[in-house]
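Here's a quick briefing to read alongside the structure viewer. Have the sequence open too, so you can hop to each spot as it comes up.

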Amino acid sequence: MLTSCERLKFELMTDGMRLSHPARTRLSGSDGQQPLTLADYATTSGIPLRLPGDIWVNVPVAEHNPNFVRNPRHVLDWGAEGFTIRSDDATIPAEPIPVPECSQRLNSAGQPHAWYGLTHTDRVRISPIGGCANSCKFCDLPRTSKFARKRIDLLLECVRDALADPALPARHVLISGGTPRPTDYGYLAEVYAQVLAAFPTTPVDIMMLPLPGLLDAADLHRKGANELCVSLELFNEQARSQLIPQKAAIPIAEWLAFIECAVQTVGMRVRSLLVVGLEPVEDTLLGVEALAERGCEPVLSPFRPAPHTPLEHVAPPSADYLADVFEQARDIAARRGAKLGPRCLPCQHNTLSLPDGSDYYHPWTH
Ligand code: SF4
């Protein structure tokens, strides 16, 4: 049974919120120039909030998601008690997370810092590849950014600036971005090596497909990678072929074999995202089971329809649906000695995960 704050997280994720005038002025400044959110990607399009109990949630707003945020009943307000979420008769304290200062600056080459990487909550995500060689139907990246390889020295500069940001210092790093073309594999391996060598005391995770010739778990483990994120996205074969055709070209059995080897032979921590709401729930739960029994941490990512994608008018799953999937998945994982990820509490802002009082879930500090 979820607490009222836990339930509120799921409602905010799917229904969104509006801002009262005092809250908007407080966050965006009297001149209205301070951005409320970086809104760079489908699942980070909203305003991150921290709720009581260290519950983190990324809340969509109509400015960036007019395709589904309409007349939300939750309101972010500002008054004598600070920031609160007002919902019908209930009022709950909330802490909006600012955007990093460096996201508004140019780098040493005169290019937007944000083109190289962005910090959400406590993690800077750098994107060596702009755009993507793939075209998953729910993803705006290949539709809004041109395919490009970025300078490695400027990616390193981006991480250094993010770690030292005065408004929102990053505590850890994710190397993510779009999928490379085969001719980029050597470049991307060099990015991994240089970032891991440059920041040896900062946890660095790597998110990538299990592409033969690129993702070498043993090598990355030796070089100090903290964790791999190898995201299946969907488990239903038909949904995979329709919605993630290039990823579906790698059979599920190969994904699972890669994950199993990385966890059990290499000794690497691996997590894998499953999108909730685009396939029958039974398939999502089978995916959770398959990952958990291989020692991989399943991460549930609620589908959020992104503008400029073929799925922009598909409704997101309801809060009841999310709560049901969460509770069933949590139980399935627990029966296999696993928990739903991610472990980092601030990074839970756009996933179906909640703190459980154990120290399995924690913020990064350094
Ligand atoms: S592979 Fe990743 S970045 Fe590329 S289109 Fe699919 S979800 Fe988007």
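What follows goes from the whole chain down to one helix pair and then to single residues.

Keep in mind that this is a predicted model. The chain has 366 residues and a radius of gyration of 20 Å, which agrees with the value near 21 Å for a compact globule of that length. It holds 11 helices and 16 strands.

**The chain as a whole**

- Along the principal axes, the C-alpha atoms fill a box of roughly 55 × 50 × 40 Å.
- Of the 366 residues, 57% count as buried.
- The accessible surface comes to about 15000 Å², and carbon and sulfur atoms account for 51% of it.
- Take the contacts between residues at least 6 apart in sequence: 70% of them join residues at least 24 apart.

**Where α4 meets α5**

- Helix α4 covers residues 152-163 and helix α5 covers residues 185-198; their axes come within 10 Å and cross at roughly 35°.
- The crossing of these two helices is right-handed.
- On the α4 side, the contact is made by Ile 152, Leu 155 and Leu 156. On the α5 side, you'll want to pick out Tyr 187, Glu 190, Val 191, Gln 194, Val 195 and Ala 198.
- Sorted by class, that contact has 7 nonpolar residues, 1 polar and 1 charged.

**Backbone spots to check**

- Gly 341 and Pro 342 are joined by a cis peptide bond, with omega at about 0°. For orientation, Pro 342 sits in the segment after α11.
- Asp 54 isn't a glycine, yet its phi is positive, near 60°. You'll find Asp 54 in the loop between β2 (47-51) and β3 (55-59).
- Is Asp 54 buried, partly exposed or exposed? Its relative accessibility is 22%, so Asp 54 counts as partly exposed, given that buried means under 20%.
- Thr 121 is another non-glycine residue with a positive phi, this time of about 55°. Its place is the loop between β8 (117-120) and β9 (123-126).
- Thr 121 is buried, because its relative accessible area is 4%.

**Around Ile 97**

- Ile 97 is in the loop between β7 (95-96) and β8.
- At 7% relative accessibility, Ile 97 counts as buried.
- Which residues does Ile 97 touch, leaving aside neighbours within four places in sequence? They are Pro 48, Leu 49, Arg 50, Trp 56, Thr 121 and Leu 168. So the Thr 121 with the positive phi turns up again here, as a contact of Ile 97.
- Ile 97 and Ile 47 are 50 residues apart in sequence, while their C-alpha atoms are 7.3 Å apart in space.

**Other positions, from the N terminus on**

- Met 1 lies in the segment before α1 (4-15). Its relative accessibility is 92%, so Met 1 counts as exposed.
- Apart from neighbours within four places in sequence, Met 1 is in contact with Glu 6 and Glu 327.
- How far apart are the C-alpha atoms of Met 1 and Asn 226? They are separated by 33 Å, with the two positions 225 residues apart along the chain.
- Thr 201 is in the loop between α5 and β13 (204-207). Thr 201 has a relative accessible area of 69%, so this residue is exposed.
- Along the chain, Thr 201 and Gly 224 are 23 residues apart, and their C-alpha atoms are separated by 9.4 Å.
- Asp 331 belongs to helix α11 (residues 319-335). With a relative accessible area of 40%, Asp 331 is partly exposed.
- Measured out in sequence terms, Asp 331 and Glu 289 are 42 residues apart; C-alpha to C-alpha, the two are 10.0 Å apart in space.

Notes. Residues numbered from 1 in each chain as written. Predicted model: local features only at pLDDT ≥ 70, side-chain atom pairs only at ≥ 80, totals over all residues. Heavy atoms only, no water. Axes fitted to C-alpha atoms, helices over the stretch in contact; angles between N-to-C directions. Helix = DSSP H or I, 4+ residues; strand = E, 2+ residues; numbered from the N terminus. Left-handed = near helix turned anticlockwise from the far one by under 90°. Contact = heavy atoms within 4.5 Å. Nonpolar A, V, L, I, M, F, W, Y, C, P; charged D, E, K, R; others polar. Rg over C-alpha atoms; globule rule 2.2 N^0.38 Å. Buried < 20%, exposed > 50% of the residue type's maximum accessible area, 1.4 Å probe, protein only. Areas by Shrake-Rupley, 256 points an atom, 1.4 Å probe, with all protein chains shown as cover.
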